[in-house]
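Trainee: I'd like to learn how to read a model like this one, feature by feature. Could you walk me through it?

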Amino acid sequence: MIKRIEIEPIPLTEGHSKLILKVDKNIIVEGFYYALVPVRGFGTMLLDKEATFAPIAASRICGMCQAVHSIATAKAIEDACNIEIPETAQKLRELISLSVRAYNHLLHHILISGNMFKNPQKRHTFIKNVQKIRKTVSSILETVGGGIIHPSNIVIGGISSPIETPVKERLIALIEEAEKLAKEEIEIFIHHIERLWKEQKLPENLGEHKLPFITSKEISNVSIKEIYPQEIFNELPLKREATNTIILINENGAETGVRARKIREERYKPKGGIKELHKLRAEEILLSLKNIKRILETEKLDKETRNKQFPTSDNEKEGVGIVEAPRGVNIHKVKVDKSGKITYYEIIVPTALNMIAIAESLKGEKVEYAEMIVRAYDPCIACSTH
Amino acid sequence: MFGLYRQFTLGRYTKAFIIKASGEASSKNNLKALIKEAFRKDLIDGIIGTSLNKKEGFVSPVFIKCEKEVEKFEPFFFIHGGQNSLLKKITQKYSFEKLGVAGHSCVLDGINKMQYFGIGSNFTVTKFTLKIGIACIGAISLEGIKCLLKEKKVKNPGFNEIFLENNKIILKNKYEKFDFSAKEYYYYLNEGCKVCMNLSSRGSDITFVPSLRNGYSLVLVRSAKALKLFENPGFSVKKAEKSDIEEFESLAKNFLKKNIETILERAEFGIPSNKWDGNRFGRFTALWNNIYAENIEEEVF
Amino acid sequence: MFNPLKRGKILIYSFDNFDKEIKVKLGFFHLSSCSGCQIAFLDMFEELPDILDTVEIAYSNMLTNRKEIPKLNVAFIEGTFSIGFKHHIKLIKEIKEKADIIVAIGGCAAFGGIRRLNVGAQSPQPSHQASIPITELDYLKGKIKYVIPGCPPNPYFLYKFLLALLELNEEFLRPFEHMVFSTFASGYDILMEVVNKGLCTGCGTCICACPTKALEFSKRTQRPTFNKLLCVGCGSCLAGCPQSFKPYPQPVYG
């Protein structure tokens, strides 16, 4: 007999969310994961507002992946208004989004550590370790972005202040320190993940799914469709309760995020399952740090970083800003009119894309693993209820 | 009753010196010598101050990153130029370990408040190591200075220096010197400065008084850290005479009395004065009645 | 390190419900918000372990593996209350019952912040259109003891605030107690309360406090200029201004 189980809230995740599972003999037949934070209305909030406000507002969509929203919105507006930004600014933006990536993955380690350790003291020690790297990564974010949680240096037309050579040298020293720390931390994290799997006798392929993968590089060649919870659910209060929309890629679900990036960039053959996801995410911290170092070492960052052209457009051209956020593809679409006002705004966030991947991963697994599967995708509810 | 005791007008200090830099005798050179000494003694590795930008005709905040840059620095007193607006950039971007500041009491108030509450700045604000307070009789706008000079029928109101001498406020350009009495000067004072009760920058390590007497300026040392500046310094230093201190004290008293009048005037009309929170005027009465009972030492963080 | 049971002071939180543990129990909740304030709490990197010696994070959806809200001493709430949203109503009721005091953390919870601009009409639930700061809820009058301004409040500030809360440093906390009664903030505050009242001296602290660069310094006028377009209403500027309140150790003034 099929039972219905509701789990709410899901601890150790960002935001307030809920799982509805259809269960047959303790095995999940079908599962839905959705957000319960009220729709925050950033899309409509920006309508008929000046475009210059958009990066500031967009940063406040999320407190974790802040900068990627600012960058995406700035890119979209620049695209709509044909503003070319200096190369230095592009590099600095890349640097910011890479440090946001490392910062977020580390944050996820702190959240997930609640699952890994039974002893609070051991968890405390682990968190202490993670905090050390987060500190160095955040000071890069603070230096380049002008703030950790809502960086204010990201403006339309570039970045508001360049990085002089002495500052750059300090950053390189910081990143070297972070790299060292990160290597240790990643080892410890992976060790504990392996231990967890062993101790709880979890299946190696827990949370496997057969969906395709998507990154920001392929996103422009696929069809994107937004579906409302009202279309999926028939029963009340479900259809009026879920506050996130779900994104279909080519009429199908897709996974985005760290695994997709790995497949795309390194032709990696995925094994499937959430254990792999955890491991890849940990490894990507080091990769991001290396990329930051590469940018710092090879690029000149003290040149002009801002094109001060006022953003206006013809109200026809749809500007698209695509950024590879920590959790996957993040898209902002915008239209701007002649007076510099926003006339159309749309946001597509990675968590909305991953909703189907989460649902697929839940299928066929035991009920007690449901929360763990959700956590592995590091869902960001704040973004998905933008 | 209320008395303007030295502890209130000047604040608590441990030692008072008069200092004179080599070269041209001016109070701004004396301050520069003090800053250079701080760099040399490794008390600071960067300092913020206010500099006069003659070309563009306004005062702006500057950030001095090394001893060499002190040369170009043109300290200007009694105008703040928004020094603290630089703080965010400095603390976030440059991340100096030992930061100094040379500013008036309100600039230091801003920093002290930031350090105490932490609003608007991150941990880096704790990096301030040396606070050079500048005794201030009240800020005046550049236009105010122009008006003062016009009052003296000066045709070409240029100036590059302002300081105190003989209980007078002196404006100086290359060739000429004009002096103004406290009363003349007070009229053009910034309204916010007319309610100030902290002319001597009490919340600092050391207070520099932009006065000039035989080429010497008065400094009041408040913390042990600042005493280091006077061990074998690169400028000539003497123990301050009673008369040196009294000279500034009487000028400060003069301004404080006027300020109290302004505060009472504001109180009568129910206009808020600064520095008293919540029950602002209640606190002022407390001050009025209990000043001698209070320990008025200020904490330096 | 700190003694929460400081002698001679009135306790704002009771310890009746706990046996021997005298760790102060904190809870973090978020309504309609971005979680940034909670992350700011995590961003007190090295100071966090110090604090965790005396306080216990008893509930946080991000940090604790707990579904039920336990009895709390201090509940930190971030984000705005969405009118008519069932979960918020339930949550607020539960927090009121279980927490000794509530602290509204961040511009949204305290003054509405950027959430004041919310107009709703967005997919998939267009009816979520009214977001108000929790300080506006009469239901929580008296329960919300303090307000922490800022978008986000920076970690150093949170650290100082927590210390003050544990030490019951009334001097520190008093202004934040007063702020509970102001339910709106913007850069106009600095213009109205300081510049317009002739109290501005041109020190530039508000510019440093502004998280969005809505305030900038005009060298020509020696005063802050305010661009209302960029303001998110977090309340940092007036709180940061040295002319607004001044209870830091300056016994001269009282």
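Mentor: Let's go from whole chains to an interface, then to a helix, a hairpin and a sheet. Keep in mind that this is a predicted model.

Trainee: Fine. How many helices and strands does chain A have?

Mentor: Chain A has 13 helices and twelve strands. Chain C comes to nine of each, helices and strands.

Trainee: And what does the radius of gyration tell me about chain A?

Mentor: The idea is to set it beside what a compact globule with that number of residues would have. For 386 residues that is near 21 Å, and chain A has 21 Å, so the two agree. Along the principal axes, the C-alpha atoms of chain A fill a box of roughly 65 × 50 × 35 Å.

Trainee: What share of the residues in chain A is buried?

Mentor: Here you count neighbours: a residue is buried if 20 or more other C-beta atoms lie within 10 Å of its own. By that count, 56% of the 386 residues in chain A are buried. For chain C, with 254 residues, the figure is 56%.

Trainee: How should I look at contacts along the sequence?

Mentor: Take the contacts with a separation of 6 or more, and ask what part joins residues 24 or more positions apart. In chain A that part is 76%, and in chain C it is 77%.

Trainee: On to the interface. How many residues of chain A are in contact with chain C?

Mentor: Count both sides: 49 residues of chain A are in contact with 43 residues of chain C. Then ask which elements supply them. On the chain A side, those giving two or more residues are α1 (42-45), α2 (54-59), α4 (87-116), α5 (120-145) and α7 (229-232). The largest share, six residues, comes from α5(A). Sorted by class, that side of chain A has 23 nonpolar, 19 polar and seven charged residues.

Trainee: Which residues of helix α4 in chain B are buried?

Mentor: In α4(B), residues 87-94, the buried ones are B:Leu87, B:Lys88, B:Thr91 and B:Gln92. Now look down the helix axis: these buried residues fall within an arc of 100 degrees, so they line one face of α4(B).

Trainee: What do the buried residues of α4(B) pack against?

Mentor: They pack against α5 of chain A together with α8 (205-209) of chain C. Check the helix end too: just after α4(B), B:Ser95 takes a positive phi of about 50 degrees.

Trainee: Now strands. In which sense do β7 and β8 of chain B pair, parallel or antiparallel?

Mentor: Look at the strand directions and the bridges. β7(B), residues 168-172, and β8(B), residues 177-180, pair in the antiparallel sense over four bridges. The two form a hairpin with four residues between them. For register, find a facing pair: B:Lys172 stands opposite B:Lys177 in β8(B).

Trainee: And a whole sheet? What is the strand order in the open sheet of chain C?

Mentor: Read across the sheet, not along the sequence. The order is β2-β1-β3-β5-β7 in chain C, five strands with parallel pairing. Its edge strands are β2 (55-60) and β7 (144-148), each pairing on one side only. From one strand to the next, the twist averages 25 degrees.

Trainee: Which residue stands opposite C:Ser60?

Mentor: That is C:Phe28, facing C:Ser60 in β2(C). The strands β1(C), residues 24-30, and β2(C) pair in the parallel sense over five bridges. When you look at side chains there, remember a general rule: in a regular strand they alternate between the two faces of the sheet.

How values were computed
Residues are numbered from 1 along each chain as its sequence is written. Chains are lettered from A and ligands numbered from 1 in the order in which they are written. This is a predicted model: local features need pLDDT of at least 70, side-chain atom pairs count only at pLDDT 80 or more; totals for chains, interfaces and linings use all residues. Two residues are in contact if their C-beta atoms, placed from the backbone, lie within 7 Å. Ala, Val, Leu, Ile, Met, Phe, Trp, Tyr, Cys and Pro count as nonpolar, Asp, Glu, Lys and Arg as charged, and the others, Gly among them, as polar. Two strands pair if DSSP finds at least two bridges between them. A residue is buried if 20 or more other C-beta atoms lie within 10 Å of its own, exposed if 12 or fewer, and partly exposed in between; C-beta atoms are placed from the backbone. The arc is that of the directions from the helix axis to the C-beta atoms. Axes are lines fitted to C-alpha atoms, for helices over the stretch in contact, and angles run from 0 to 180 degrees between N-to-C directions. The radius of gyration is taken over C-alpha atoms; the globule rule is 2.2 Å times the number of residues to the power 0.38.
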